[in-house]
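Visitor: I have a few minutes and a list of questions about this model. Could you walk me through its ligand and pockets?

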Amino acid sequence: MSTLHQPRQRLIRICEGLPVDSTPIWFMRQAGRYLEEYRRLRQRYSMLELCQTPELAAEVTLQPIKRFDLDAAIIFADILLPLQALGVPFYFAKGEGPVLEKPIQTPQDVERLHTTDAEERLTFVYDAIRLVRQSLDEKIALIGFAGAPFTVASYMIEGGHSRHFAKTKLFMHEQPEAWNSLMTKLSTVTLRYLQRQVEAGAQVVQLFDSWVGTLGRYDYRTFVMPHSAAIFAGLRDAGVPSIHFGTGTSTFLDLMKEAGGAVIGVDWRVDLDEVWKRLGDTTILQGNLDPVTMLGSRQTVSQAVRRVLEQVKGRPHIFNLGHGILPETPPENVETAIQQVRSWPEIGKQI
Ligand code: CP3
């Protein structure tokens, strides 16, 4: 790295091992229903209309940035958008989440996916990224993202959200060749999609493997890890840091780290202290406040934030929740959490 290269964004600086004056902070799902300005827009447009109209997606992306002192904006999109590009239509049902009209059930369904140039059918995402970059303060990093192959495959096979992921796990075990083909297709398209986001101006990318924690270690290593690893290997030339996020992953965080990502995202079920002991003190960790604490009093929020920060002890850390912000979260609590992070005295020692 050239000494002339001095990125201004704290998030990028942490990823490059450079000193920071405050812990970088952003919130997963920071644009969304807990903000009244988002809810107002949603009265006029569906979730998919917001995502597919670059001006609206850019506006929503910037809503939390206008309110709060955040270190990153995350482009407003959804991990399921590539499904439509692959020829698998879905919609968001009110109160139920995503619903697929024709879930993947057979090897033939996998064969039929429209993978050729699928990323070209997602140009509205790249356009939104370009628009956000035009008006984003240069101190704030813009994060692009995609769903990881396992999490996306689980929606494709289950047809929506699932508790036990039974169809997904049985497909994986009983039709390993079709599973491998599906995961290979998803990793190929996801890599190209993320590369295009970087070309459009994303400065960091996050791979969301939100539901991979449903798997045991053997299954993760055998059926998932090579495909996520292929994405991170492909991103090495992209010139931007990547964040590898999952929940419920405490039993295979070492494998996730091996699969790739400059930063490992963890949920609240693990102690950061413990994870650093296992993965090494130089591992950059992101997380891991329990989103439920954000529903409490100001004091509850402060105390919970402090408990996360106390474990850091000078190690590289990006403050975030352990999973997405809940729609019931009072925006004042986001403010409180940010203030607590900004006023934390320890960070000075890193400079
Ligand atoms: O973080 C951000 O601010 C960027 C926007 C973002 C959304 N989805 C917008 C959204 C991001 C990063 C995602 C990722 C996503 N989408 C994940 C991985 C992250 C996670 O939370 O685990 C997953 C699993 C999805 C799939 C998805 N999208 C589900 C299950 C649902 C319905 C459940 C819900 O929360 O309502 C969505 C809808 C969705 N994606 C909303 C938003 C703001 C709510 C849409 C609305 O009704 O306004």
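**Backbone, ligand and pockets**

Guide: Asn288 has its place in strand 8 (strands are DSSP E runs of at least two residues, helices H or I runs of at least four, numbered from the N terminus). This is a predicted model, in which local features need pLDDT of at least 70, side-chain atom pairs count only at pLDDT 80 or more, and totals for chains, interfaces and linings use all residues. Residues are numbered from 1 along each chain as its sequence is written, and side-chain values use heavy atoms, with hydrogens and water left out.

Visitor: Is the peptide bond from Gly287 to Asn288 cis or trans?

Guide: Most peptide bonds are trans. The bond from Gly287 to Asn288 has omega near -10°. That bond is cis.

Visitor: What is the phi of Arg29, and is it positive or negative?

Guide: Most residues other than glycine have a negative phi. Arg29 is found in the loop between helix 1 (10-15) and helix 2. Arg29 is not a glycine, yet its phi is positive, at about 65°.

Visitor: Which residues come nearest to the ligand?

Guide: The ligand has 23 residues around it (each with a heavy atom within 4 Å). By class, this shell has 15 nonpolar, four polar and four charged residues (nonpolar: Ala, Val, Leu, Ile, Met, Phe, Trp, Tyr, Cys and Pro; charged: Asp, Glu, Lys and Arg; polar: the others, Gly among them). Helix 2 (36-44) and strand 3 (97-100) each supply at least two of the shell residues. Nearest come Arg29, Tyr38, Asp78, Ser210 and His323.

Visitor: How much of the ligand's accessible area does the protein cover?

Guide: Take some polar contacts (pairs of N or O atoms within 3.5 Å). Ligand oxygen atoms lie 3.0 Å from a polar backbone atom of Ala31, 2.8 Å from a polar side-chain atom of Arg33 and 2.7 Å from a side-chain N or O atom of Arg42. Of the 860 Å² that the ligand has on its own (Shrake-Rupley method, 1.4 Å probe), the protein covers 88%.

Visitor: Where does the ligand sit?

Guide: Pockets are open sets of points on a 1 Å grid over the protein atoms alone, where a 1.4 Å probe fits, with protein on both sides within 12 Å along at least five of seven lines; lining residues have an atom within 4 Å of a point. A molecule sits in one if more than half of its atoms lie within 2 Å of its grid points. By that test, the ligand sits in the largest pocket.

Visitor: What volume does the largest pocket have?

Guide: Its lining has 25 nonpolar, nine polar and seven charged residues. Volume here is the space filled by probe spheres set on the points. For the largest pocket, that is about 1,400 Å³.

Visitor: Which element gives the most to the lining of the second largest pocket?

Guide: This pocket has a volume of about 210 Å³. Strand 8 (284-289) and helix 14 (298-310) each supply at least two lining residues. With five residues, the most comes from helix 14.

Key: Polar contact = N/O pair within 3.5 Å; in protein donor to acceptor, adjacent residues only side chain to side chain.
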